[in-house]
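These are my notes from a session of looking things up in one structure. I took salt bridges as the opening topic, then charged patches, then strand pairing.

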Amino acid sequence: MRHTMKKVLALALCLCFTFLLVTACGLKEGEKGANIHLYLADFPQTLDPALLQANSDTTQLLTLLFEPLTRMDSDGKVKGALADDWYEEYDKVNQEYAIYFELNESQWSNGTGVTADDVIYAWKRILSPDTESPYASLLYCIKNAKAVKAGFMTSDDLGITAEDDHLLKVVFEDAKDFSEEEQNKYGIHPYVYDEETFEAACDRFVETVSNIHLSPVSENVVKRYTDYVAEDDKTRVYQWGDYSAASIVSNGLFKVQAFVPGHRLILERNNYYRYDEDNAVDKYVTPYRLSIYYYEGQLRYSTQEEHLRQEDYQAQRYRDGQIYMLSSFTKDTYNEFKGDMKTSSTTNGYAYLFNTKNIPEQEVRQALAAALDRNHIVNDVTGTGEIAATGYVPSHVFNTDRKSDDFRTVGGNLYADYNMDRAKELLGGKKKTYRMIYLIPDDFSRYNTTQYSTKTQLTNAVWNYNVYEDIANYAVERWAELGITVKATGMVYTDYQKALQEGDFDIIGYNVVMDSTDALAYLAPFATLYSGRKVAFDLEGFGSTLSYSGLESADYDAIIDRAAYTAKASERADALHEAERLLTDLCPATMLFYYTNNYVANSKLSKIGKADYYGCLNLEDLNLSDWRKINADEEEASKAIDEAFSEAQENSKAK
């Protein structure tokens, strides 16, 4: 009887709590919450966090969908995320330096539990010789990581294990793991730890794993949708993260409800996030949906003769009250909304990479870099709040730790003497001809749009509406003043990615999307074995992973090795500054500007969370006033858009 009464009481308390929770959320029975229309980012080329990101603003989407082990608040302080606690330990028996992460009870958006094995799979995938991921070197402090990526060892040799479903053990590499012969052969210079340096290495690693690109992924889902051919599109081979909502399983605040290239991206509250079966309403996330509709999806039934740039289309929707947040701008709309704009720093930038095989003269590469006026680019070409670059590593990156001056401040302005006179002096009157490639962010060929008949026409339709082209046109003009002829060509993502990976370019515009507080993340990919690219083996079985620029420099490699495997923070920072100075001199790449994250919001939208250290907004408490009426009106409008889009698709197939 007493046991039954306890059950009744527990049920009553549960129902009472659920009622209070629903009431607190302002929801009536059967309601799910606000569907908030906004514009956060261009349509992503992939939502796979581990792969190369072509669009700088995709980070905001990834942060809503995935949760890494830790996170960085706006001040750069580490907070728990997937892991709610961590501790370091020296294993005297095995003589191992290790850090342990205790994982929260959390679920994937398909309802299965997130475990330590999911983290391990994600990191082994990044470190696989068959994976092209620029984030591999972030994990090189793990025992055998560099050797695994180079193909000298297997993933079973990697120093990460699941002690149980919710306890992850990470063993650091140290000097005892390799003989002097092995260190020379593999190019590895392991840490030598003491108590102080071990603690510093653990602190740095806890910061490192706040990187969104190191988030866990679900092995079953990734393998299921690798090399996937859809029934309705036999012409394209998809990878996990770039096909459909069903193929993208996430562990963050939101899940992907709809993923239609060129039409819409709908994020829906992940009710399995921190799932508690006793709670009827998700207590972590307020908005039910975040809806992004793209301009390209309207082309099929647009009556406009002149097609809008994506940013102009979204700005008009914002003015008309059709969306409640706008976070991408042209120069004109940036100036229009600047008075109401909120801005946060990021750790990403835009650079030009030079193919050192096609442009082997160091002085020519230096001249190409020196001719570009970065202040002019951010003020007069882009004009949307970017920061002119003063070195390859962005501002906002730590020097030794978050309490010290940032890396860029300490490193100074490495481009201070860049000007046209300096460029002409470096070039020495040489006449050159080169080919440049830049990205066309919107791949219209994927949308089967019937308004245009060929891929070329589709490309030309947006030819004049691409900021990367605007930058390229400026650069071409400046280089022409030097006597260098450059032909600039825009490419859609699939062609751009192929050209980048095959080195089929002389100069290429490149978004440096690292989302890291560690300068090593930006500098290491130019060193042999650090690029994170797929490994090509020579006849002797040596894994070659040169950077996209093709740079080969034994001096640079040695400095990066020293930085990567030096335990003392100050010595490590000194090595990284030395590496950046040498990179500037070798000039396989030059940074043009650093991105900022900007947005304006309608007065109806409130509770926009403060941006994290990487510039990504927290939208878990987002609130839209009068959302019931707004959602009812928008549902009818969205239904009409979807019907028109579907009809156009059917007409396209029929033709």
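How many salt bridges does a search of the whole structure find? I ran the search and got 18 salt bridges. I note here that the model is a predicted one.

**Entry 1: lysine 143 and glutamate 96**

I looked up the side chains of lysine 143 and glutamate 96, which meet in a salt bridge at 3.9 Å, N to O. This pair links distant parts of the chain, 47 residues apart. I placed lysine 143 in the loop between helix 3 (116-126) and helix 4 (145-149), and glutamate 96 in strand 5 (residues 96-103).

Is lysine 143 buried or exposed? Lysine 143 counts as buried because its relative accessibility is 19%, and the cut-off for buried is under 20%. Glutamate 96 is also on the buried side, with a relative accessible area of 13%. I then checked for further partners and found Glu96, Lys143 and Lys169 linked in a network of salt bridges.

**Entry 2: glutamate 219 and lysine 223**

Next I took glutamate 219 and lysine 223, whose side chains form a salt bridge at 2.7 Å, N to O. Both residues lie in helix 7 (residues 219-224). They are 4 residues apart, about one turn of the helix. I recorded glutamate 219 as partly exposed, at 30% relative accessibility. Lysine 223 has a relative accessible area of 53%, so I recorded lysine 223 as exposed.

**Entry 3: glutamate 361 and lysine 432**

I also looked up glutamate 361 and lysine 432, which meet through their side chains in a salt bridge of 2.7 Å, N to O. Here too the pair links distant parts of the chain, 71 residues apart. Glutamate 361 is in the loop between strand 14 (342-354) and helix 10 (362-370), while lysine 432 belongs to strand 16 (residues 432-440). Glutamate 361 counts as partly exposed, at 23% relative accessibility.

**Entry 4: charged patches**

Which residues gather in a patch of negative charge on the surface? I listed Glu88, Asp194, Glu195, Glu196, Glu199, Asp203 and Asp401. Helix 6 (residues 195-208) gives the most to this patch, with 4 residues. I located aspartate 401 in the loop between strand 15 (387-388) and helix 12 (407-411). Why can aspartate 401 be called partly exposed? Its relative accessible area is 34%, and partly exposed lies between 20% and 50%.

I then turned to the positive surface patch, formed by Arg71, Lys77, Lys79, Arg402 and Lys403. Arginine 71 lies in strand 2 (residues 70-72). At 43% relative accessibility, arginine 71 is partly exposed.

**Entry 5: strand 12**

My last lookup was strand 12 (residues 289-293), which is mostly covered. I noted 4 of its 5 residues as buried.

Which strands did I find paired with strand 12? Strand 1 (residues 35-37) runs parallel to strand 12, and 3 bridges join them. Strand 11 (residues 264-269) pairs with strand 12 in the antiparallel sense, over 5 bridges.

I checked the partners at leucine 290 in strand 12. Isoleucine 36 has leucine 290 as its bridge partner, and leucine 267 has leucine 290 as its bridge partner as well.

Methods: Residues numbered from 1 in each chain as written. Predicted model: local features only at pLDDT ≥ 70, side-chain atom pairs only at ≥ 80, totals over all residues. Heavy atoms only, no water. Patch = residues over 30% accessible without salt bridge, like charges linked within 9 Å, V, L, I, M, F, W, Y side chains within 5 Å. Areas by Shrake-Rupley, 256 points an atom, 1.4 Å probe, with all protein chains shown as cover. Salt bridge = Lys/Arg side-chain N within 4 Å of Asp/Glu carboxyl O. Lys, Arg positive; Asp, Glu negative; His and termini not counted. Charge placed at Lys NZ, Arg CZ, Asp CG, Glu CD. Helix = DSSP H or I, 4+ residues; strand = E, 2+ residues; numbered from the N terminus. Buried < 20%, exposed > 50% of the residue type's maximum accessible area, 1.4 Å probe, protein only. Pairing = 2+ DSSP bridges.
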